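The exercises below ask you to read packing, pairing and burial from a set of coordinates. Each task is followed by a solution that proceeds step by step.

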Amino acid sequence: MQLKVLYITHYHFLYGANKSLLQLLIELKNRGVKPYVIVPRKGSLTDELEANQIEYFVFKFYNWLNQDTFLISRLKRFLNNFMFFKAHRTLLNKRIKIDVIHTNTSVTNLGAYLSIKIKAPHVWHIREYGEEDFNIKYYYDIKKVGHYFDTNSEKVITVSNDLKEYYSKYIPSHKMKVIYNGIPIRKELNKSYNYKDPLRIAIVGVVSKNKNQIELIKALSYLKLTKKNSNFKLYIIGNGFSKYVNSVKKQVKDLSLTDNVEFIGYVSDVEGYLKHIDLGVICSKREAFGRVTIEFMANKIPVIASDTGATKEIIVNKELGILYKYGNIEDLAQKIDRIENNRKSLKEIGEKAFVYSRKNFSSSLNTQKIYDEYKSAVKNNETSYHELRD
């Protein structure tokens with residue numbers, strides 16, 4: 001039987017969550033799954049969906065987040081009622097029989113609504129803490145939201161053990177399943193290591209407070225002024241709100257790092273850019289998983305990362321990367337300095353990280369585990385249906 005799976009995503013760009021979703025769709029399609037995607041607007045994600053001949057629908061729904069004034073929040077909820085109804089009617093009019101609904105984020109309840117309407121099992125994929133990583137709050141308190149996740153899903157997937165532990169206060173542990181994100185990883189990779197030229201450092205992701213690029217910039221300033229080490233070049237890869245990006249650029253200028261820092265902006269082919277990078281740095285406040293960490297490792301790039309969230313699950317300190325104390329600029333600077341003064345460790349750490357990432361974080365492994373959850377959800381749904389009839 002060909003499974004027909006409806007996916008709900010909450011944004012239209014190709015950042016972490018949607019990159020993982022897109023790879024999953026491509027691999028499941030090759031396994032015979034028929035995917036459909038609901039997205040709130042067109043963008044780089046829908047371009048890729050079209051390129052891969054994946055059917056999608058655009059409904060301009062709003063996320064269930066408490067980030068507006070009372071009146072605007074009420075208006076968005078009212079408009080959501082219409083969009084949710086429209087999504088349901090579209091599925092009915094097109095006579096699409098959905099076997100499983102997969103919501104790719106915690107910040108919309110559209111999948112739960114459709115699951116009730118069309119009586120299809122719902123797999124809820126949680127990829128974020130919420131307030132602790134993106135400063136977002138739901139319409140309701142986290143206890144009510146957790147109860148809603150529990151009662152409106154067949155299975156809740158979390159992308160790390162740390163994230164599962166966080167939500168286990170609100171969702172029964174047996175309901176949750178940890179499935180790490182995966183990326184396509186080559187069987188072999190030739191990586192040339194830089195032993196003399198300026199150390200090429202990259203920090204990748206949305207330029208935001210939570211990704212914490214400022215901490216790295218301050219650490220590099222400390223390195224330059226205190227350690228008298230300026231043999232580095234930082235590449236900031238990603239975009240963000242112009243006001244915050246401009247404040248980061250001002251910080252670079254004020255700390256006299258203009259010659260050491262380059263803002264690349266958004267790059268669609270990050271892997272192509274990483275070929276020239278020696279060291280990856282993750283300064284996030286708390287990563288629910290950290291796709292970029294795996295992208296570094298899969299490219300044989302050592303990682304220095306903050307000792308928070310799921311990052312500490314991925315990196316075995318000094319073996320697969322180096323952890324520094326979050327918020328401690330001196331600690332971060334000293335660990336960059338240590339790499340700079342011992343370039344041979346680039347290869348030692350990079351090679352081990354590559355082997356580990358290939359074994360534990362491949363997209364094929366991720367796809368198989370999620371596909372197994374679909375089959376289990378469909379089986380449980382059929383059993384429940386027959387029990388109701390009997």
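**Exercise 1.** In this predicted model, determine which residues of helix α4 (residues 110-118) are buried, and against which elements they pack.

Solution. Begin with accessibility along the helix: Leu 110, Gly 111, Ala 112, Leu 114 and Ser 115 of α4 are buried. Next, follow the contacts of these buried residues, which pack against the strands β1 (4-8), β2 (34-39), β4 (100-103) and β5, and also against the helices α3 (70-93) and α6 (142-151). Finally, look at what comes after the helix: α4 is followed by Lys 119, which has a positive phi near 55°.

**Exercise 2.** Describe the surroundings of strand β6 (residues 155-158), taking its two faces and then its pairing partners.

Solution. In a regular strand the side chains alternate between the two faces of the sheet, so the residues should be sorted by face before burial is judged. On one side of β6 are Lys 155 and Ile 157, on the other Val 156 and Thr 158, and all of them are buried, so that both faces are covered. For the pairing, strand β5 (residues 122-126) runs parallel to β6 and is joined to it by 4 bridges, while strand β7 (residues 176-178) pairs with β6 in the parallel sense over 3 bridges. Thr 158 serves as a marker for both pairings, since it stands opposite Ile 126 and also opposite Val 178 in β7. The connection can then be added: β6, helix α7 (residues 161-167) and β7 make a right-handed β-α-β unit.

**Exercise 3.** Work out the strand order of the open sheet of 6 strands, and place helices α8 and α11 relative to that sheet.

Solution. The strands follow the order β10-β9-β8-β11-β12-β13, with parallel pairing. The edges are β10 (261-265) and β13 (322-324), each of which pairs on one side only. Neighbouring strands are turned against each other by 25° on average, with direction ignored. At the β10 end, 4 bridges join β10 to the parallel strand β9 (residues 232-237), and Ile 237 has Gly 265 in β10 as its bridge partner. Helix α8 packs on this sheet, where it touches β8 (199-204), β9, β11 (279-282) and β13, and its direction makes about 170° with that of β9. Helix α11 (residues 291-298) lies across β8, β11 and β12 and runs at about 165° to β11.

**Exercise 4.** Classify the packing of α8 (residues 213-226) with α9 (residues 242-254), and identify the residues that make the contact.

Solution. The two axes come within 10 Å and cross at roughly 5°. Angles under 35 degrees count as roughly parallel, and therefore α8 is roughly parallel to α9. The contact is made by Gln 213, Ile 214, Ile 217 and Lys 218 of α8 with Tyr 244, Val 248, Gln 251 and Val 252 of α9. By type, the residues of this contact divide into 5 nonpolar, 2 polar and 1 charged.

**Exercise 5.** Are the loop residues Val 267 and Thr 308 buried or exposed, and what do they touch beyond four places in sequence?

Solution. Val 267 is in the loop between β10 and α10 (270-274), and its relative accessibility of 16% makes it count as buried. Beyond four places in sequence, Val 267 touches Ile 237 and Tyr 273. Thr 308 lies in the loop between β12 (303-306) and α12 (311-314) and is likewise buried, at 13% relative accessible area. With neighbours within four places left aside, Thr 308 is in contact with Ser 284, Lys 285, Arg 286 and Tyr 326.

Conventions
Residues numbered from 1 in each chain as written. Predicted model: local features only at pLDDT ≥ 70, side-chain atom pairs only at ≥ 80, totals over all residues. Heavy atoms only, no water. Buried < 20%, exposed > 50% of the residue type's maximum accessible area, 1.4 Å probe, protein only. Pairing = 2+ DSSP bridges. Right-handed = clockwise from strand over helix to strand, strands pointing away. Axes fitted to C-alpha atoms, helices over the stretch in contact; angles between N-to-C directions. Parallel < 35°, antiparallel > 145°, perpendicular 65-115°, else oblique. Contact = heavy atoms within 4.5 Å. Nonpolar A, V, L, I, M, F, W, Y, C, P; charged D, E, K, R; others polar.
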